[in-house]
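Hello,

Here is the structure I promised to pass on to you. Please have it open while you read, and my notes follow below.

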Amino acid sequence: MTSPEECEALRKAFSGPYGVEEKSMLEILVKCNPADLTTFRKKIPDIFSDDECCFEKWDSSHMKFFENEFMRFQRAVIQRTMHPWERDALLVRKSLEEKPPLYNLLIELACTRTSDEFLGARKAFQCLYSESVEEFVAVRVEGFQRRLLVALVSTYRYEGMRIDEATIKLECQILGRAIKTGKKKEIEKDDEVLRILTTRSKHYLKNIHKCYKESYDSNLEEDLDDIQILRDTVNCLCAPPIYFSKILDTAMSVYPTKQEIEALTRVIVTRTDVDMKDIAEEFNRKYGAPLIERIKAEALGNYRDFLVALVKRGMAN
């Protein structure tokens with residue numbers, strides 16, 4: 001006989017939205033007889049309902065949901081084992097095929113990878129889809145977004161540490177004038193803002209970010225709050241741990257969207273061997289809870305264990 005506790009454990013194992021509890025599901029289901037399963041179905045009306053034929057029927061939407069949750073661990077494993085170039089090429093395509101398009105994902109890929117890493121993704125994209133990333137973006141985006149995104153995916157940034165302090169101060173002033181005195185549409189039309197953000201090295205831009213804070217007593221990304229696409233660009237270029245910790249928090253928040261939930265896998269899989277330690281520290285500082293404990297509280301089963309193991313690996317590097 002299935003106990004109330006076991007029925008509740010099964011209900012939780014079926015609940016998602018971050019994987020399924022395979023172990024408890026297996027332990028309980030293998031010992032259930034037909035009467036136990038009937039009891040279980042009757043006790044979970046949000047998953048099963050009596051139809052006109054007088055039997056407990058799977059809710060079709062929940063069935064699809066459950067199938068998707070069973071596959072969440074599989075997809076995470078596949079992403080982990082993919083060549084980074086192929087994985088990023090697939091994500092580039094996903095970013096603009098989603099409804100609505102995920103401009104932040106495309107910015108993330110273009111701005112948090114090294115120049116050589118994203119060049120590899122661009123080569124993989126051509127190999128997989130017989131078109132360039134630039135073509136793919138240009139025909140799917142219009143206006144200011146097209147100008148910014150095409151420039152971001154096209155650039156091959158200098159990766160060295162050389163900077164010129166006088167030029168940094170000058171371009172900091174250019175950004176300051178455009179942002180402090182201009183309206184949203186004027187900022188979007190400013191070619192100098194676009195040039196600085198899409199061509200300068202990350203080290204150079206971090207110094208501009210510092211200069212801006214010292215000059216205007218506010219952060220560059222905060223002053224771009226009304227233009228989310230530029231805010232994401234600045235955060236990805238100058239402070240990836242802040243950007244990624246926010247993505248992780250949103251993914252594990254109340255009522256996240258499908259795309260936000262999927263970002264949990266993406267961020268942990270792609271940043272494990274890059275800057276996971278910095279991301280975890282920023283997450284703990286900003287949200288007051290260790291990233292690993294938050295994952296344990298939200299995710300289930302093999303999916304949870306896989307993510308936790310990856311975060312631990314990244315923090316040990």
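Which side chain does Arg 285 meet in a salt bridge? The partner is Glu 282, with 2.6 Å between N and O. Please bear in mind throughout that this is a predicted model. Both residues sit in helix α18, which spans residues 276-287, and because they are three residues apart there, about one helical turn separates them. The two ends of this bridge differ in their surroundings: Arg 285 is exposed, with a relative accessible area of 59%, whereas Glu 282 is buried at 11%.

Glu 282 also turns up next to a serine that you may like to look at. Ser 245 belongs to helix α16, residues 240-251, and with a relative accessible area of 0% it is buried. Leaving aside residues up to four places away in sequence, Ser 245 touches Ile 279, Glu 282, Phe 283 and Tyr 287. Closer to home in the sequence, a polar atom of the Ser 245 side chain lies 3.0 Å from the backbone oxygen of Ile 242.

Now back to the charged pairs. Over the whole structure, the search gives 23 salt bridges. Another one of them joins the side chains of Arg 122 and Glu 134, again at 2.6 Å from N to O. This pair links distant parts of the chain, as Arg 122 is in helix α7 (residues 115-129) and Glu 134 is in helix α8 (residues 133-138), 12 residues apart. Arg 122 counts as buried, at 16% relative accessibility.

A third pair to look at is Lys 94 with Glu 98, whose side chains meet at 3.2 Å, N to O. Lys 94 is partly exposed, at 25% relative accessible area, while Glu 98 counts as buried at 14%. These two residues do not stand alone: together with Lys 258 and Glu 262 they are linked in a network of salt bridges.

What about disulfides? The search of the whole structure finds zero of them. The pair to check by eye is Cys 172 and Cys 211. Cys 172 is in no disulfide, and the nearest cysteine sulfur to it, that of Cys 211, is 3.4 Å away. Seen from the other side, Cys 211 is likewise in no disulfide, with the sulfur of Cys 172 as its nearest at 3.4 Å. The pair does not count because a disulfide needs the two sulfur atoms within 2.5 Å. Cys 172 is buried, at 1% relative accessibility, and Cys 211 also counts as buried, at 13%.

Finally, the pocket. The largest pocket holds about 560 Å³ of space. Its lining is made up of 24 residues, and those lying nearest its centre are Gln 228, Asp 232, Tyr 243, Lys 246 and Ile 247. Several helices give two or more residues to this lining: α6 (103-112), α14 (220-223), α15 (228-238), α16, α17 (258-271) and α18. Which element gives the largest share of the lining? That is α16, with six residues. This is the helix that holds Ser 245, and α18, with its Arg 285 and Glu 282 pair, is among the other contributors.

If you would like to go through any of this together, just write back.

Best wishes

Note on methods
Residues numbered from 1 in each chain as written. Predicted model: local features only at pLDDT ≥ 70, side-chain atom pairs only at ≥ 80, totals over all residues. Heavy atoms only, no water. Buried < 20%, exposed > 50% of the residue type's maximum accessible area, 1.4 Å probe, protein only. Helix = DSSP H or I, 4+ residues; strand = E, 2+ residues; numbered from the N terminus. Polar contact = N/O pair within 3.5 Å; in protein donor to acceptor, adjacent residues only side chain to side chain. Contact = heavy atoms within 4.5 Å. Salt bridge = Lys/Arg side-chain N within 4 Å of Asp/Glu carboxyl O. 1 Å grid on protein atoms, 1.4 Å probe; cavity = no way out; pocket = protein on both sides within 12 Å on 5 of 7 lines; lining within 4 Å. Points joined across faces, edges and corners; volume = space filled by probe spheres on them.
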